Amino acid sequence: KHDGRYKSRVVAGGHLTDTPVESVYSGVVSLRGVRIIIFLAELNDLETWQTDVGNAYLEAFTKEKVYVIAGPEFGSLHGHIFVIVRALYGLKTSGLRWHERFADVLRDMGFISCPAEPDIWMKDCGDHYEYIAVYCDDLTIVSRDPKAIADALVDTYDFKLKGTGPLKFLLGCDYFRDDDGVLCFAELNCSQSLLP
């Protein structure tokens, strides 16, 4: 990581698995779609938050048949066959499995996919809409109470969220308000040079 810490995770050798016969396409929201929901948030006095789902692929189950034979590091389990049930990083279908899993969660929360931009999820709240834009495991939440949505993802669905809070950085852009309170965005590290 940038601060010198190390992170480890089990990664499957997807290059060793057969090419799936099904589509493994997993969509992501477009930058245009993100701009539209941020515009709607500003227009309707809604809050815009960002968050990241930690180890997202491990929240989904794989349909591929994957196993490993335990090595000596497993002690008394050496030689046992372990069947992998989670969508590990590195598997060809893991992106799609995560996409399907999170779509089910959003539907359960009352959101529907936008027909024009399928990775923008909308919820009719009567006098306004709430939006969640999904870019893999990065979420942009537009709501009167985005904390309630983030809390539901943690408390009800057991997701581990990180970086949750008001929008500051998303998809390579810094977001900031100018002296008049207008929300602005610029490429990473450019926003400081734009401020008076």
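**Figure 1. Confidence goes up and down along this predicted chain.** Let's start with how sure the predictor is. In this predicted model, confidence is lowest in helix α4 (residues 191–194), with a mean of 48. At the other end of the scale sits strand β5, where confidence is highest, at 97. Averaged over the chain, the pLDDT is 86, and 87% of the residues score at least 70.

**Figure 2. The whole chain has four helices and eleven strands.** Before zooming in, here are some overall numbers. The chain has 196 residues, and 39% of them are buried. About 12,100 Å² of the chain is exposed, and carbon and sulfur atoms supply 56% of that area. Now take the contacts between residues at least 6 apart in sequence: 60% of these join residues at least 24 apart.

**Figure 3. Strand β5 pairs with β4 and also with β6.** Strand β4 (residues 112–113) is joined to strand β5 (residues 120–124) by two bridges, and the two run antiparallel. To find one of the matches, look for serine 113, whose bridge partner in β5 is tryptophan 121. Together β4 and β5 form a hairpin, with six residues between them. Strand β5 also pairs with strand β6 (residues 129–135), again in the antiparallel sense, over five bridges. Here, isoleucine 120 has alanine 133 of β6 as its bridge partner. The hairpin of β5 and β6 has four residues between the strands, and within this hairpin glycine 126 takes a positive phi near 95°.

**Figure 4. Strands β9, β10 and β11 form an open sheet.** The order is β9-β10-β11, and the pairing is antiparallel. Which strands stand at the edges? They are β9 (169–170) and β11 (183–187), and each has a single partner strand, so one side of each is left without a neighbour in the sheet. Two bridges join β9 to β10 (residues 173–177). If you want to spot a match between them, leucine 170 has cysteine 173 in β10 as its bridge partner.

**Figure 5. A nonpolar patch of about 660 Å² lies on the surface.** Six residues make the patch: Phe61, Tyr67, Ile69, Ile81, Val83 and Val85. Two elements each give two or more residues to it, namely β2 (61–69) and β3 (81–86). Pick out valine 83, which lies in strand β3. Is valine 83 buried or exposed? At 61% relative accessibility, valine 83 counts as exposed.

**Figure 6. Serine 94 and alanine 150 are two buried helix residues.** Serine 94 is found in helix α2 (residues 94–108). With a relative accessible area of 0%, serine 94 is buried. Not counting residues up to four places away in sequence, serine 94 touches Tyr57, Ala87 and Leu88. Alanine 150 lies in helix α3 (residues 146–155), and its relative accessible area of 4% makes it buried. Leaving aside neighbours within four places in sequence, alanine 150 is in contact with Leu161 and Thr164. Glycine 165 is 15 residues from alanine 150 along the chain, and their C-alpha atoms are separated by 9.2 Å.

**Figure 7. Glutamate 42 and arginine 177 meet in a salt bridge.** Side chains of opposite charge can pair when their charged atoms come close. A search of the whole structure finds six salt bridges. In this one, the side chains sit at 2.9 Å, N to O. The pair links distant parts of the chain: glutamate 42 belongs to helix α1 (residues 31–43) and arginine 177 to strand β10, 135 residues apart. Both partners are partly exposed, glutamate 42 at 32% relative accessible area and arginine 177 at 46%.

**Figure 8. Two further salt bridges join lysine 162 to aspartate 52 and aspartate 127 to arginine 144.** For lysine 162 and aspartate 52, the N to O distance is 3.7 Å. Lysine 162 lies in strand β8 (residues 161–166) and aspartate 52 in strand β1 (residues 47–53), so this pair ties together parts that are 110 residues apart in sequence. Lysine 162 is partly exposed, at 37%, whereas aspartate 52 is buried, at 15%. Aspartate 127 and arginine 144 meet at 2.9 Å, N to O. Aspartate 127 lies in the loop between β5 and β6, and arginine 144 in the loop between β7 (138–143) and α3. Aspartate 127 is exposed, at 56%, while arginine 144 is partly exposed, at 45%.

Methods. Residues are numbered from 1 along each chain as its sequence is written. This is a predicted model: local features need pLDDT of at least 70, side-chain atom pairs count only at pLDDT 80 or more; totals for chains, interfaces and linings use all residues. Side-chain values use heavy atoms; hydrogens and water are left out. Two strands pair if DSSP finds at least two bridges between them. pLDDT is the predictor's confidence in each residue, from 0 to 100. Patches are made of residues with over 30% relative accessible area and no salt bridge: like charges are joined within 9 Å, nonpolar side chains (Val, Leu, Ile, Met, Phe, Trp, Tyr) within 5 Å. Accessible areas come from the Shrake-Rupley method with a 1.4 Å probe; for residues, only the protein chains shown count as cover. A salt bridge is a side-chain nitrogen of Lys or Arg within 4 Å of a carboxyl oxygen of Asp or Glu. Buried means under 20% relative accessible area, exposed over 50%, partly exposed in between (1.4 Å probe, protein chains only). Contact means heavy atoms within 4.5 Å.
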